[in-house]
Amino acid sequence: MTNAARKKSGAATAGAMTRPADYTDYGSTEQSSRNPQRHQIGEALTAVSSRVAILGVWGLAILIFSLLEPSTFLQAGTFQTIFSSQEPLVFISIALLCTFMVGEFDLSVASLFGLSGCLMAALAVNEHLSVYAAAGIAIAATTAAGAITATIVVVFGVNAIVTTLGMSTALLGVALGVTNLASISGISQRFGNVANFDLLGLPVSFYYGLLIFLVLLYVAKVTPLGQKMSFVGANRDVANLAGIRVNRIRWCSYTVSGLICGVGGVILAASLGGFNPTTSQNYLLPAFSAVFLGTAAIEPGRFNSIGTFVGIYFLETGVLGLQLLGLTGWVEDVFYGAVLVVAVAITTLLRRGIKQ
Amino acid sequence: MTERDLRVTDSAPQDVTRPVPRLAVQGMSKTFGAKRVLSGVSLTVGSGEIRGIVGQNGSGKSTIAKILSGVYQPDRGCSFVVDGRPLAVPVHPVALRKAGVAVVHQDLGLVEDFSVLRNIRIGASRGSRIIRRIDWKHEAQEARRILDTIGGSAISLSQNVHELTPTKKAKVAIARGLEGVPSGHGLLIFDESTKSLPPADLQEFYEVVRELARSGTGIVIISHRLSEVLMLADTVTILRDGEVVGDGLATSELDEATIAQMMVGREVQQHSKGQAAEFGPVVASLDAVAFPGLARPLSLQLREGEIVGLTGLAGSAFEHLPDALAGEREGVAGKVVLRGGRVVNLVQTTVQERLRHGLVVVPEERTKKGLALSLSVVDNMSVPWLDARGRPWAVDRRWRARYAADAMSKFDIRPTDIRALVAHLSGGNQQKVMLAKWLAGAPSLLVLHEPTQAVDVQARADILDAIKGAAAAGAAVLIVSTEISDLRLVCQRVLILHSDASLSEVSGEISSDRILSMVYGSTRSSDGGGQLTAGSNYPAERS
């Protein structure tokens, strides 16, 4: 036996070496399927269908509601309601998306949004500041709050879920304090036009949402920053070794999240002419639902802005349709909650597909 | 003796010489969707036998390990017999453990923050009848007994696993695999377990494995290192594309070239080393580079087009040099002077600055630090160069698509879709993507850390070719590796770092022997192989 061992170790990797002339593919086993052509078509179909599945489900929901309630659902007013009423959800979802895309987590978005609206209303109505000064202060305050969260999470390395949960409750308290626990109204009608001005049948605030989505889409898809963000989200070590300033991007994601929530809160306060401090928390869960639902579309398994945009209006279509069927009050909670669970399940399964 | 021990001994054969194989699997297949990764594999391992399993990436080695540990279920029609007793398919991991089958994974699967005792008895500790209190004294006795049988007497049960040396960790992992198995029974599967061990400790590890086999335990070794399998195993199973092409061949009849040929399915040609006689000017000098663990500052100079290998023993900290140059270590001092007098001061520098000056470090762990698996090939290849190539408002899409497509054909990366997710590529192809990613910057100094780690025979040849290509394009290349055979093949000179931080150099006719004798001093026997190990004390009685 000993000589065998000798002989072998002497042979030392005579193997390894240059590619033989009749090289065929054995680096990947993927190509060796029995019926490649059929397999490819099937794969392509699956890929396309999973990308647009959510649009199909949306269309199906519209169809079902149209058949069930042709008199009330299938009217221009319904769609006007769907598209005009979602300004808060749009802004909060985008803020959430900013952090999710880089692998972070933010539970404080709804409270930031509420704080901004409350500050705007309280400063403009109770303190008689000019609306523009009030708006500026509100946005600055939420941006600063976002930066504080960012510093605690990124610089001190504290767990993001716990930090943002704490920040969420604390900021909600501040918002209640600012408004003395009461809803405030009386912001000037003129300033309301900033949000309510009618453009092609929809309030201008819808277009703000659309614009900010397009900006995020552009950043994510076209710019180096978007590429860097997806690497920070996918693998921080890899991103760091590629020369990406990982912590700077993470810090900015929380701060920008605060900024977007601030702007969104100001716009809602302007459109309502005031603000009710207790309402903002209701947006947190739908925003999560929309963002996770978005991972089921366009870029399966990944947080993406188009998917989120579609997700928001899918959610609203569902809720409105169910309300028109006579299910009111409780049905929103059931629907949003169930969609969130289903959406997270879909995300997890799609991710497993990627990692496999 | 615990309840479980009794149960096992009841029906297990008492006489280890009886011809009941430890493991007899017939017709083991595994299909994922339309993809069959394993078809009709049979594996019989006798008592006291050491069986090697070799094959290229994607040949089904790791699938076998996963089936034997119960992670995957084999397709229908598989018969699974351990110690003469059939196990019902689907095979539950608990049933496998009870039958005495255990897998020691490549990362050993230990909980670093827990004590040795808890790691060994994980899943085995039993509570007392009513109050479910764990009898730690009994637990400790059991763990001690197992550790002592495998030469782990020096390991304290109360130590935390992260305080142990790699070899001791491996022993703890083995002890856990043997837990509940009467001495001389059981089947241990080592799935690339030596990957985490420093070269100097391998000999001791091999001895433990041999000792286990002598006591009657069946051993399966799944490994990329052919020399290791040849040295350690009695018999070998060779896989190609999920099928067995050589079943239970006696290793005494084989050599590496034959096995490699069977793995690939055709003759593999000898690698030719380009003997670049003349090199350009010095384009990279490490100037007094120091970091904790290195005995004294290190300086060396590399010329344009030159490929230099760096190796050494574990204590010399040579393996930390790439991290130090990449800015991944604390307390690094010194500087690197690159082409055109550009200076990278290692004390205070950023990754961007390094890349801009042409200092590129290709890290070791491709899945952790090298590539983002969930993103596409083109994204991964372009990410370090986004700022250099694009504008702040737009990525240069045309450049990156062209670069990725060129690189994929140049390095023969399959599948050829630049939008394919890196996770869907085989290990060798991933390694090539990682290399292509770093070569896009036309570096002055390219530092590679274990560039052929865990890749198959063909990918290794491709990667070594790519490295030579990078040197020919004007880079100075420094390969930091323990794979002497790689260094021997592509390097014009090999440096050996000793524990006192002095350097020896082998150049001209580079052989494994010469490198090994430098690494270990002059006491090496002359039959040293392609690894930092040699089969000198192979037990003659095990025939």
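**Exercise 1.** In which sense, and over how many bridges, do E14(B) and strand E15 (residues 342-345) of chain B pair? Place B:Val336 among its partners on either strand.

Solution. E14(B) and E15(B) pair in the antiparallel sense, over four bridges. Helices and strands are DSSP runs numbered from the N terminus (H or I, at least four residues; E, at least two), and two strands pair if DSSP finds at least two bridges between them. The model is predicted: local features need pLDDT of at least 70, side-chain atom pairs count only at pLDDT 80 or more, and totals for chains, interfaces and linings use all residues. Residues are numbered from 1 along each chain as its sequence is written, while chains are lettered from A and ligands numbered from 1 in the order in which they are written.

Step 1. In E15(B), B:Val344 is the bridge partner of B:Val336. The hairpin of E14(B) and E15(B) has three residues between the strands, and B:Gly340 takes a positive phi near 75° there.

Step 2. Strand E11 (residues 282-290) of chain B also pairs with E14(B) in the antiparallel sense, over five bridges. Opposite B:Val336 of E14(B) stands B:Leu286.

Step 3. The side chains of strand E14 (residues 333-338) alternate. B:Gly334, B:Val336 and B:Leu338 point to one face and are buried, while B:Ala333, B:Lys335 and B:Val337 point to the other and are not. Burial is counted on C-beta atoms placed from the backbone: a residue is buried if 20 or more other C-beta atoms lie within 10 Å of its own, exposed if 12 or fewer, and partly exposed in between.

**Exercise 2.** Give the strand order of the open sheet that holds E17(B) and E18(B), then trace the contacts of B:Val477.

Solution. Step 1. The order is E16-E17-E18-E13-E19-E20 (chain B), an open sheet of six strands with mixed pairing. Strand E16 (359-362) and strand E20 (503-507) of chain B each have a single partner strand, so one side of each is left without a neighbour in the sheet. With direction ignored, neighbouring strands of this sheet are turned by 20° against each other on average.

Step 2. Strand E17 (residues 445-449) and strand E18 (residues 476-480) of chain B run parallel and are joined by five bridges. B:Leu446 stands opposite B:Val477 in E18(B).

Step 3. Two residues are in contact if their C-beta atoms, placed from the backbone, lie within 7 Å. Beyond its neighbours within four places in sequence, B:Val477 is in contact with B:Ile307, B:Val308, B:Leu446, B:Leu448, B:Ile467, B:Ala470 and B:Ala471.

**Exercise 3.** Which residues touch the most other members of the largest nonpolar core, and between which domains does this core lie?

Solution. Step 1. A nonpolar core is a set of buried Ala, Val, Leu, Ile, Met, Phe, Trp, Tyr and Cys residues joined through C-beta atoms within 7 Å. The largest one has 260 residues, of which A:Ile92, A:Met120, B:Leu445 and B:Val477 touch the most other members. Helix H12 (residues 246-272) of chain A gives the largest share, 14 residues.

Step 2. Domain 1 (3-13 + 21-264) and domain 2 (282-377 + 442-520) of chain B both contribute residues, so the core lies between them. Domain bounds come from an automatic or database domain assignment. The C-alpha centres of these two domains of chain B are 34 Å apart, and their contact takes nine residues from domain 1 and nine from domain 2.

**Exercise 4.** Decide whether B:Gln431 is buried or exposed.

Solution. Step 1. B:Gln431 sits in helix H16 (residues 427-439) of chain B. Because it has 30 C-beta neighbours inside 10 Å, B:Gln431 counts as buried.

Step 2. Leaving aside neighbours within four places in sequence, its contacts are B:Arg366, B:Val455, B:Ala459 and B:Ile463. B:Thr237 is 194 residues away along the chain, and its C-alpha atom is separated from that of B:Gln431 by 26 Å.

**Exercise 5.** Summarise chain A by its secondary structure, burial and contacts.

Solution. Chain A has 15 helices and four strands. Of its 356 residues, 48% count as buried. Among contacts in chain A between residues at least 6 apart in sequence, 77% join residues at least 24 apart.

Terms used: Axes fitted to C-alpha atoms, helices over the stretch in contact; angles between N-to-C directions.
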